[in-house]
Amino acid sequence: MITFMNNSDSEEEPCNERTSLMSAESPPVPSYQDGLQASQAGEAQAHRKRRTGSSRSPNNIADGETSDSGVPVREGILENEEEELTLKYGAKHVIMLFVPVTLCMIVVVATIKSVRFYTEKNGQLIYTPFTEDTPSVGQRLLNSVLNTIIMISVIVVMTVFLVLLYKYRCYKFIHGWLILSSLMLLFLFTYIYLGEVLKTYNVAMDYPTLILVIWNFGAVGMICIHWKGPLQLQQAYLIMISALMALVFIKYLPEWSAWVILGAISIYDLMAVLCPKGPLRMLVETAQERNEPIFPALIYSSAMIWTVGMAKPDTAARRSSQQAWDAAEDGRENHRSPSHADSQMSERRSPVPTRPITSFEELEEEERGVKLGLGDFIFYSVLVGKAAATASGDWNTTLACFVAILIGLCLTLLLLAVFKKALPALPISITFGLIFYFSTDNLVRPFMDTLASHQLYI
Amino acid sequence: MAAAVFFGCTGIAFGPAIALVLLTVAKEPLRVIVLVAGAFFWLVSLLLASLVWFVSVRLSDRGDAALQRALLGFGAAVSVLLQELFRFAYFKLLKKADEGLATISEDGRSPISLRQMAYVSGLSFGIISGVFSVINILADSIGPGTVGIHGDSPYYFITSAFLTMALVLLHTFWGVIFFDACEKRRYGCLGLVVASHLLTSGLTFLNPRYAASLGPIFIITLCTGLWAFVTAGGSFRSLLKCLSCKQEDDSRVMTYSALRVPCED
């Protein structure tokens with residue numbers, strides 16, 4: 001159960017793994033402020049000449065494209081198009097992550113606001129043994145800091161353990177661990193959740209129906225997450241288990257500890273992903289070296305596969321090493337089918353087929369989805385859920401935290417497009433979220449309440 | 001009755017906004033990002049304004065009701081000015097982003113125009129401002145309760161809903177006019193936008209005398225709407241063209257019958 005939050009590694013592997021926002025061959029995208037800095041001559045020539053409006057007219061570029069002669073020029077143009085497509089896909093990728101994050105938060109907030117169970121205090125986890133029912137503020141603060149230290153140490157130990165297991169190829173152990181965690185989430189926590197929802201709405205359900213529903217839900221979930229399944233169903237299940245996990249945290253973490261833990265875990269995420277010896281960075285690098293995807297049970301992938309193909313053999317060979325989309329491409333003869341579903345797991349089971357080297361000249365792009373770790377979903381939802389639970393019945397705080405997290409995610413994805421390597425998704429969002437939570441709850445809420453009581457509008 | 005009030009007031013307050021978002025913003029990723037970022041800018045401005053008000057209240061005498069009301073007015077005025085300041089800051093950011101997008105793109109034009117960004121940013125300010133003003137009221141309107149039992153107006157919910165709708169639309173119009181004025185450096189128009197925002201906010205101080213506040217606010221909304229329509233390049237003719245849904249023959253295009261295959265001999 002802890003594994004989900006261990007892997008709060010959010011963003012992508014470097015671009016040569018084809019899971020980043022940009023495709024493998026394209027040069028670094030120049031930032032908005034700088035001019036075009038060509039890292040390759042062909043690209044610079046073609047684009048700069050177009051930009052400065054010199055003798056090269058668009059017709060020449062088109063000729064260059066269709067003729068076989070100017071291969072560097074064509075490469076440059078293709079890369080330019082990839083650059084522009086990168087930006088367009090950048091915006092699309094942001095939306096592809098906004099939607100699941102929003103859905104997860106909506107599920108959590110809806111549950112918190114309606115089901116009383118998740119806001120009642122019913123004990124604490126063993127990872128946060130110190131109670132916060134102390135008379136003095138200082139003691140409470142100390143207890144919450146101690147709770148945080150224990151929780152973060154548990155997370156660090158688990159993550160390091162996971163990385164060691166992965167490094168020494170103990171795949172069976174990892175799979176068993178992941179399967180056990182998802183079994184518990186999909187069956188036990190769903191059962192509790194369903195029970196509480198039924199209690200809230202005073203709906204009676206007999207045991208046979210309950211067993212049927214839970215069994216089907218859980219079994220299909222296990223299959224979708226750990227084996228093959230339609231992409232959207234897999235995404236839906238990952239969102240649901242993140243929401244369930246977030247609800248467990250919201251219920252069992254004491255108030256101040258929750259906020260301190262959120263702050264501490266974003267710092268830990270920053271270090272674990274960016275430091276050279278950070279466990280998450282080592283996990284990502286090891287996965288890249290072995291050309292394997294990281295376990296699908298821990299990562300949400302918003303895959304959107306387009307078509308295949310460039311006519312260059314070396315490109316094709318490089319791309320065929322990407323196992324992720326080969327299985328899907330084999331089964332497809334129709335090009336340009338957006339949002340094609342493919343489960344992540346399939347490439348691990350099937351051998352890597354060689355990609356057919358297409359010979360047509362038309363440019364068809366290949367699109368990789370963006371990946372976000374489930375731990376990020378969980379902690380975003382914990383923040384917004386805690387805001388909904390504790391902000392004195394106020395919706396403004398919840399909405400402010402929601403906007404803050406979305407903006408943090410947007411900025412993180414922008415940084416991803418610039419740096420093109422795995423980045424932590426927690427720090428910026430959680431920082432904004434925490435700032436907005438405390439300031440909205442203490443400053444904005446009295447202001448807006450006073451304005452509303454006099455029916456004043458600003 | 002409570003659910004009816006909730007759904008009715010939500011529909012009144014956010015109907016136009018939701019329709020505009022679903023029809024014009026939801027399909028384009030860039031516009032959605034501009035929408036969310038605009039909400040963020042508005043929130044930051046509100047945060048700063050609340051800080052100013054909070055500090056001023058802390059430093060003042062709590063018992064004096066007239067002083068508190070004056071401070072509330074002061075806080076509202078500061079909030080309006082800060083909102084417009086952050087709208088300007090957002091304009092600067094979007095202008096830079098527009099240039100960046102144009103540089104990176106293939107044909108030198110950015111995928112979204114500054115006018116579209118003006119509209120979406122105005123809409124985003126409107127939505128987040130409306131939501132923050134009215135969502136707690138809407139949430140309370142579901143539950144059991146009686147409106148105005150202590151002598152306040154019983155029309156609280158519905159007038160709040162109408163005011164919110166006017167505010168959402170006004171922000172959208174102000175966004176369009178503001179960005180255009182900044183682009184063309186017409187500082188008079190800028191001042192007019194700020195003044196009309198201050199006027200609108202000031203008129204709400206006349207609540208619960210709704211005839212004095214709601215009427216003028218809706219007149220202002222209508223006039224600002226017309227002004228924004230003209231600023232965005234609309235005219236009576238373009239409106240007629242749009243409404244008639246006719247495909248006009250473009251005079252630059254030759255009709256096919258005029259083209260002839262050259263004689264083979």
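Buried area is the accessible area, taken with a 1.4 Å probe, that two parts lose on being put together, summed over both. Keep that in mind for the exercises below, and remember that this is a predicted model.

**Exercise 1. Work out how much area chain A and chain B bury between them, and which residues of chain A lose the most.**

Step 1: Start with the total. The two chains bury about 4,400 Å² between them, and 73% of that is on carbon and sulfur atoms.

Step 2: Now look at the chain A side. Gln455(A), Tyr457(A) and Ile458(A) lose the most area to chain B, together 21% of what that side buries.

Step 3: Count the residues that touch. There are 46 residues of chain A in contact with 54 residues of chain B.

**Exercise 2. Find out which salt bridges and polar contacts cross the interface, and what the chain A side is made of.**

Step 1: Try salt bridges. The rule finds zero of them across the interface of chain A and chain B.

Step 2: Try polar contacts. Here the rule finds 16 residue pairs, with both residues at pLDDT 80 or more.

Step 3: Ask where the chain A side comes from. Helices α2 (41-51), α4 (71-114), α15 (395-419) and α16 (426-453) of chain A each give two or more residues to it. The largest share, 15 residues, comes from α16(A).

Step 4: Sort that side by class. You get 27 nonpolar, 11 polar and eight charged residues.

**Exercise 3. Take the salt bridge between Arg445(A) and Asp441(A) and describe its setting.**

Step 1: Check the distance. Their side chains meet at 3.2 Å, N to O.

Step 2: Place them. Both lie in helix α16 of chain A, four residues apart, about one turn of the helix.

Step 3: Decide buried or exposed, with buried meaning under 20% relative accessible area. Asp441(A), at 11%, is buried, while Arg445(A), at 23%, is partly exposed.

**Exercise 4. Do the same for Glu84(B) and Arg87(B).**

Step 1: The closest N and O atoms of this salt bridge are 3.1 Å apart.

Step 2: The two residues sit about one helical turn apart, because they are three residues apart in helix α3 (residues 65-104) of chain B.

Step 3: Glu84(B) has 4% relative accessibility and counts as buried; Arg87(B), at 1%, is buried too.

**Exercise 5. Find where chain A should be read with caution.**

Step 1: The mean pLDDT of chain A is 75, and 66% of its residues reach 70 or more.

Step 2: pLDDT stays under 50 over residues 1-73 and over residues 306-366 of chain A.

Step 3: Where pLDDT is low, the predicted coordinates should not be read in detail.

Note on methods:
Residues numbered from 1 in each chain as written. Chains lettered and ligands numbered in written order. Heavy atoms only, no water. Contact = heavy atoms within 4.5 Å. Salt bridge = Lys/Arg side-chain N within 4 Å of Asp/Glu carboxyl O. Polar contact = N/O pair within 3.5 Å; in protein donor to acceptor, adjacent residues only side chain to side chain. Nonpolar A, V, L, I, M, F, W, Y, C, P; charged D, E, K, R; others polar. pLDDT = per-residue confidence, 0-100. Buried < 20%, exposed > 50% of the residue type's maximum accessible area, 1.4 Å probe, protein only.
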